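Me: I should like to go through the terms applied to this structure and the grounds for each. Please set every value against its definition.

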Amino acid sequence: MPDGPDDTRERLLHAAGEVFAEKGFTSATVREICHEAQANVAAVNYHFGDKESLYIAAVQHAHCAQGESVQPDWPPNMPAELKLVEFIRQMMTDMIDRDRPTWQAALIMREMAQPTRACEELVKSFIGPKFAILSDILSELLPAGATERQKHLTAFSIVGQCLLYRFHRPVGRLLLGESEFNALFDLDLLTTHIARFCLTALGRELPALPAAPLAVEAAP
């Protein structure tokens, strides 16, 4: 029984991600991608339109594999400190995902180093909404007179700590050794550490954390 359209599209997406991660957008060819995906060359036009659209889709898939960016529906009267903890927990869940294919991180690193239109699409569809959530949290945590620039600097500092655990793994292993570096990759440990570090810098205290992560649903 032949594969369905979704199967072909998924194979193309993963093959494209691997080839683009290794060779970059310019050097990769549609023919090579289709060979890896065991698909007809015409399948790229059918499913994605062209090579650039396929590249954008692969980058989006690599960055957004953990799910769609949504506005959280915080419980009533939830302290801003706890909102920040949960925001960091969500980021770190993706940063330390060991099961994620290695090409995904490699492709994102390549895209960040040499941005294309794919980066613009990521900002609009995924990174921007998440940054807005963090900005709203910081509006509650920062002093009343804090400027937008201060808020932006604080947000970048928080996100930067989280990103380190995804994009600097090779350096971390060389610095600490494989065993010690791997020991750091505990979700609760990293969430608590980063949250405490950030809240202390903001003149706040880490709140008593619930026994289990809060189930924060998307707003309708």
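Me: What makes Lys 23 partly exposed?

Reply: This is a predicted model, in which local features need pLDDT of at least 70, side-chain atom pairs count only at pLDDT 80 or more, and totals for chains, interfaces and linings use all residues. Residues are numbered from 1 along each chain as its sequence is written, and side-chain values use heavy atoms, with hydrogens and water left out. Lys 23 has a relative accessible area of 34%; buried means under 20%, exposed over 50%, and partly exposed in between (1.4 Å probe, protein chains only). Lys 23 is therefore partly exposed.

Me: Why is the pairing of Lys 23 and Glu 32 called a salt bridge?

Reply: The term requires a side-chain nitrogen of Lys or Arg within 4 Å of a carboxyl oxygen of Asp or Glu. The side chains of Lys 23 and Glu 32 meet at 2.8 Å, N to O, so the pair satisfies the definition. Glu 32 is also partly exposed, at 22% relative accessibility.

Me: How many salt bridges does the structure hold, and which residues are linked in a network of them?

Reply: There are ten salt bridges. Glu 52, Arg 117, Glu 121 and Lys 124 form the network. Within that network, the closest N and O atoms of Glu 121 and Lys 124 are 3.6 Å apart. These two residues are three apart in helix H7 (residues 117-141), which means a separation of about one helical turn. Helices are DSSP runs (H or I, at least four residues), numbered from the N terminus.

Me: Are Glu 121 and Lys 124 buried or exposed?

Reply: Glu 121 is among the buried residues of H7, whereas Lys 124 counts as exposed at 61% relative accessibility.

Me: How do you know that the length of H7 agrees with its expected span?

Reply: The expected span is 1.5 Å times one less than the number of residues. For the 25 residues of H7 this gives 36 Å, and the end C-alpha atoms are 34 Å apart, which agrees.

Me: What is meant by the kink in H7, and where is it centred?

Reply: The bend at a residue is the angle between axes fitted to the seven residues ending there and the seven starting there. In H7 the kink is about 50° and is centred on Val 123.

Me: Why is Leu 138 called buried, and which residues does it touch?

Reply: Leu 138, in helix H7, has a relative accessible area of 0% and is therefore buried. Not counting residues up to four places away in sequence, Leu 138 touches Lys 151, Thr 154, Ala 155, Ile 158 and Leu 202, where contact means heavy atoms within 4.5 Å.
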